[in-house]
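Let's take a walk through this protein together, one stop at a time. Please keep the sequence and the 3D view open as we go.

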Amino acid sequence: MGGLGRGVPVELPLGEGTVEVSLPDCEVTVCRPPGGEAVDPRTAAEAAVGDPHGPSLGERVGPDDSVAIVVTDVTRATPDDVLLDVLLEQLRTAGIDREQVSVVVGLGLHRPMTDAELADALGEHADLAENHDPEATVSVGEVDGVPIEINETVVAADSVVSTGMVEPHQYAGFSGGAKTVVIGAGSESQIGYTHGPEMLADDGVRLGRVEDNPFREFLDEAGDLAGLDFALNVTHGPSGILGASAGDHRAVVRDLAETARENLAVEITDEYDAVVAGVGAPKDANLYQTTRAATYVILGANNPLRTGGRVVLPAELPEGAGDGKGEQRFYEWLSGAESAGALYEEMRQGYEAGAQRAFVVARSLRGYDVYVTNSQHPEVVEDCLMHARETVADAVEPGSDVLVVPDALDALLV
């Protein structure tokens, strides 16, 4: 971390570009995690599948097998084109032709990816892909009495493989592993349970925690039921992809979570009037995803805000609240609420899958304000109990002590 004093500009991500922020009337401290050194994604992925946790992919499949590969969607910065290349080459070596492989985009309740987005994300493999339909699922059993229902293409396959991004996650501790299949290619059943108020109120369900986390434990058990045979995941930081890991999904998450912690954790000892949290693409495409940065600050391991402080999020929001079923439920709950406190109490009684982000945002807004700046849809922000301003400077009171976290989704405040 470093103190910049007054007036020194800071560059923050905004969409695919950046925005320069200057706060001449404030004391500014910039929080930058160690970051680590970026690695070449292909080289790292090839090394990971060559030395996996458990048996190799070739040992887990037969030459006559059909294979379903579940990949991440547009809300994750996973290099899925590269990971698919590496996985398909491994499958070819095992005697499995490309025609035996299906690719399912793990949307969860997010909107379907467009043909152009699929081509951009998957390159020459886009023709293999189908968007997950949460209503076209098949039951594979139960965990804790909750039906586990998985995409019918995935269930029909002889072998199941997944990609994933192991990054800090509000509920799972870190994303990736079985989450790509269980949530990304699942029905509303398990999404509703894992993202419901009872689960999210558990003390073990928190950002950066994998061990003794009921959310992660549920995902892992459900991933076994879904038949997840092999995972190839990466983790990233501000500098880019930091590493890859492959094989058994539990070991992959724990391996990359440790890499992420080493490179993303920053110790915070002071308190601040405002935290300016950078988001950038792809997360700042809509308000649903953008608010992760605010809740990571407020509900993380160490909230650095003084009582009544604010989080400021520069975000483009070209999609407004978001177009998927979950994003629309998020918008409906927040836009229809009289206050954050009333909404939180109402949602504690239950809500539909996808609306959990409204619950977590309401929980955060009970004690703190959230400002969104530089957006294309300020009216959506104002509808959702938050404040819209044109610039970051407009959202910060003069004389404030300000903590700037340029890449808030790649920083663990401890």
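Which residues does Glu-152 touch, not counting residues up to four places away in sequence? Before we look, please bear in mind that this is a predicted model. The partners of Glu-152 are Ala-136, Thr-137 and Val-138, with residues up to four places away in sequence left out of the count. You will find Glu-152 in helix 5, which covers residues 152-156. With a relative accessible area of 43%, Glu-152 is partly exposed. For a sense of distance across the model, turn to Ala-294: its C-alpha atom is separated by 36 Å from that of Glu-152, and the two residues are 142 apart along the chain.

From here, let's move along to helix 9, residues 214-225. This helix has twelve residues, and from its first C-alpha to its last it reaches 17 Å, close to the 16 Å expected at 1.5 Å a residue. At the N-terminal end of helix 9, Asn-213 acts as a cap: one of its side-chain oxygens lies 2.9 Å from the backbone nitrogen of Phe-215. Phe-215 is itself among the buried residues of helix 9, and so are Arg-216, Phe-218, Leu-219, Asp-220, Ala-222 and Gly-223. Note that both Arg-216 and Asp-220 appear in this buried set. Just after the helix, have a look at Gly-227, where phi is positive at about 80°.

Next comes strand 13, which runs over residues 228-237 and holds Thr-235. Is Thr-235 buried or exposed? Its relative accessible area is 0%, so Thr-235 is buried. A polar atom of the Thr-235 side chain lies 2.6 Å from the backbone oxygen of Val-166. Val-166 is also one of the residues that Thr-235 touches, along with Met-165, Gly-240, Ile-241, Leu-242, Gly-243, Leu-256, Thr-259 and Ala-260, again not counting residues up to four places away in sequence.

Follow the chain onward and you reach the loop between strand 16 (272-277) and helix 11, where Pro-282 sits. The peptide bond joining Ala-281 and Pro-282 is cis, with omega at about 0°.

Now bring helix 11 (residues 287-298) and helix 12 (residues 325-335) into view together. How do these two helices meet? Their axes come within 9 Å and cross at roughly 70°. Helix 11 and helix 12 are therefore roughly perpendicular to each other. On the helix 11 side, the contact is made by Leu-287, Tyr-288 and Thr-291, while helix 12 brings in Gly-326, Glu-327 and Phe-330. Sorted by character, the residues of this contact come out as three nonpolar, two polar and one charged.

Two backbone details are worth a visit before we finish. Leu-317 lies in the loop between strand 17 (305-314) and helix 12, and its phi is near 55°, a positive value in a residue other than glycine. Leu-317 is buried, with a relative accessible area of 0%. Farther on, Asn-374 belongs to the loop between strand 18 (369-373) and helix 15 (378-383). Asn-374 has a positive phi of about 65°, although it is not a glycine. With a relative accessible area of 23%, Asn-374 is partly exposed, whereas Leu-317 is buried.

Note on methods
Residues are numbered from 1 along each chain as its sequence is written. Side-chain values use heavy atoms; hydrogens and water are left out. Axes are lines fitted to C-alpha atoms, for helices over the stretch in contact, and angles run from 0 to 180 degrees between N-to-C directions. Helices (H or I, at least four residues) and strands (E, at least two) are DSSP runs, numbered from the N terminus. Angles under 35 degrees count as roughly parallel, over 145 as roughly antiparallel, 65 to 115 as roughly perpendicular and the rest as oblique. Contact means heavy atoms within 4.5 Å. Ala, Val, Leu, Ile, Met, Phe, Trp, Tyr, Cys and Pro count as nonpolar, Asp, Glu, Lys and Arg as charged, and the others, Gly among them, as polar. The expected span of a helix is 1.5 Å times one less than its number of residues. Buried means under 20% relative accessible area, exposed over 50%, partly exposed in between (1.4 Å probe, protein chains only). A polar contact is a pair of N or O atoms within 3.5 Å; within protein, one must be able to donate a hydrogen and the other to accept it, and residues adjacent in sequence count only if both atoms are side-chain atoms.
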